[in-house]
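Work through the exercises below with the sequence and the model open. Try each task before reading its solution.

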There are 2 protein chains.
Amino acid sequence: MTEPLDLVFSALADPTRRAILTMLLEDDMAVTDVAEPFAMSLAAISKHLGLLTRAGLISQEKRGRVKWCKLEPDALKQASVWMQGFGQFDPVNLDAFERFLEREFPEKL
Amino acid sequence: MTEPLDLVFSALADPTRRAILTMLLEDDMAVTDVAEPFAMSLAAISKHLGLLTRAGLISQEKRGRVKWCKLEPDALKQASVWMQGFGQFDPVNLDAFERFLEREFPEKL
DNA sequence: CGAACACTTAACCAAACGGTTGACGAAATT
DNA sequence: AATTTCGTCAACCGTTTGGTTAAGTGTTCG
């Protein structure tokens with residue numbers, strides 16, 4: 001019953017997890033390094049990373065004894081598309097943007 | 001400690017609440033009408049609406065004995081902006097879009 | 001006035017969440 | 001071989017969440 005959007009949005013609902021994602025924007029990181037700035041146990045961070053992985057927002061790959069965490073921003077795409085459905089996020093004007101699309105990228109439509 | 005983004009994302013994490021928002025996209029609705037399609041009590045829906053209101057995603061105005069629910073899509077904006085920070089959601093090309101903005105709406109930049 | 005309608009609130013419940021500590025396994029170092 | 005490092009797992013704990021039912025508050029209508 002648990003849809004992908006449920007996983008993604010509830011993953012994003014926690015400030016620690018959003019901070020982790022922001023950190024991973026810079027570069028891939030080991031679990032220990034992800035945990036370092038936070039005032040909580042490594043086990044807690046490990047759980048957060050597990051949740052982010054289940055949501056598809058990051059991937060984890062073990063090389064040697066260190067497990068690398070990698071941002072998977074594509075997982076945000078579906079959530080972003082859902083929100084776009086509510087419109088009005090365009091900084092300017094949707095009609096003008098559509099005209100722009102037709103003019104500049106007719107092959108993508 | 002609870003930031004606005006926490007409220008918005010956790011509000012969006014529930015499929016019932018997302019469905020309610022989608023319904024309100026059509027038109028403003030009374031609480032009873034919002035509850036009608038769902039297989040749960042009116043009290044449960046009332047709680048969901050309270051949460052959506054606290055998150056700023058809807059507003060409620062009582063006229064007579066019926067309380068009208070209105071979508072407030074602006075509350076999604078900050079969340080949308082946060083996600084945009086992870087890039088790659090632009091359907092086309094961000095650079096081209098920025099050039100478009102400068103050309104079409106120089107006064108907004 | 002009294003009854004029906006539109007909601008909200010309170011009390012309760014099971015399950016999930018966010019954190020802890022402690023034990024553990026697997027890889028690297030010495 | 002022994003030890004340290006990296007990370008997960010299990011058990012536990014208090015709080016929050018998503019639902020229930022039942023009672024209560026207004027508001028409208030007959």
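Four exercises follow, on the fold, one sheet and the two DNA strands.

This is a predicted model, where local features need pLDDT of at least 70, side-chain atom pairs count only at pLDDT 80 or more, and totals for chains, interfaces and linings use all residues. Residues are numbered from 1 along each chain as its sequence is written, chains are lettered from A and ligands numbered from 1 in the order in which they are written, and side-chain values use heavy atoms, with hydrogens and water left out.

**Exercise 1. The fold of chain A**

Task: state how many helices and strands chain A has, and give their order.

Solution. Start with the count: chain A has six helices and three strands. Both are DSSP runs, numbered from the N terminus: helices are H or I with at least four residues, strands are E with at least two. Next, read along the sequence. The pattern is α-α-β-α-α-β-β-α-α.

Then turn to burial. Of the 109 residues in chain A, 39% are buried, meaning under 20% relative accessible area with a 1.4 Å probe, protein chains only. The accessible surface is about 6,300 Å², and carbon and sulfur atoms hold 52% of it. That area comes from the Shrake-Rupley method with a 1.4 Å probe.

**Exercise 2. The sheet of chain B**

Task: find the strand order in chain B, and say why β1 and β2 each have one side without a neighbour.

Solution. The sheet is open, with three strands in the order β1-β3-β2 and antiparallel pairing. β1 (29-30) and β2 (58-63) of chain B are at the edges with a single partner strand each, so one side of each has no neighbour in the sheet. Strands pair here if DSSP finds at least two bridges between them. Now check one pair: six bridges join β2(B) to β3(B). For a single example, take S59(B), whose bridge partner in β3(B) is K70(B). As background, strands of a sheet pair through backbone hydrogen bonds, either parallel or antiparallel.

**Exercise 3. DNA strand C**

Task: identify the residues that come nearest to DNA strand C, then list polar contacts to its backbone.

Solution. A residue is near a strand if one of its heavy atoms lies within 4 Å of it. There are 20 residues around DNA strand C, and K47(A), H48(A), T32(B), S46(B) and K67(B) come nearest. Of the strand C atoms within 4 Å of the protein, 69% are sugar or phosphate; the rest belong to bases.

Polar contacts are pairs of N or O atoms within 3.5 Å. Two reach phosphate oxygens of DNA strand C: a side-chain N or O atom of R17(A) at 3.1 Å, and a polar side-chain atom of T32(B) at 2.4 Å. R65(A) uses a polar backbone atom, 3.4 Å from a sugar or linking oxygen of DNA strand C.

**Exercise 4. DNA strand D**

Task: which element gives the most residues to the surface near DNA strand D, and what does R65(A) contact there?

Solution. First, the surroundings: 22 residues surround DNA strand D, with T32(A), S46(A), S41(B), K47(B) and H48(B) closest. Sugar and phosphate make up 67% of the strand D atoms that come within 4 Å of the protein. Next, the element: α4(B) gives the most, with five residues.

Finish with contacts. A polar side-chain atom of R65(A) lies 3.1 Å from a base oxygen of DNA strand D. Phosphate oxygens of DNA strand D are reached by a backbone N or O atom of V31(A) at 3.3 Å and by a polar side-chain atom of H48(B) at 2.2 Å.

Definitions and conventions. Buried means under 20% relative accessible area, exposed over 50%, partly exposed in between (1.4 Å probe, protein chains only). A polar contact is a pair of N or O atoms within 3.5 Å; within protein, one must be able to donate a hydrogen and the other to accept it, and residues adjacent in sequence count only if both atoms are side-chain atoms.
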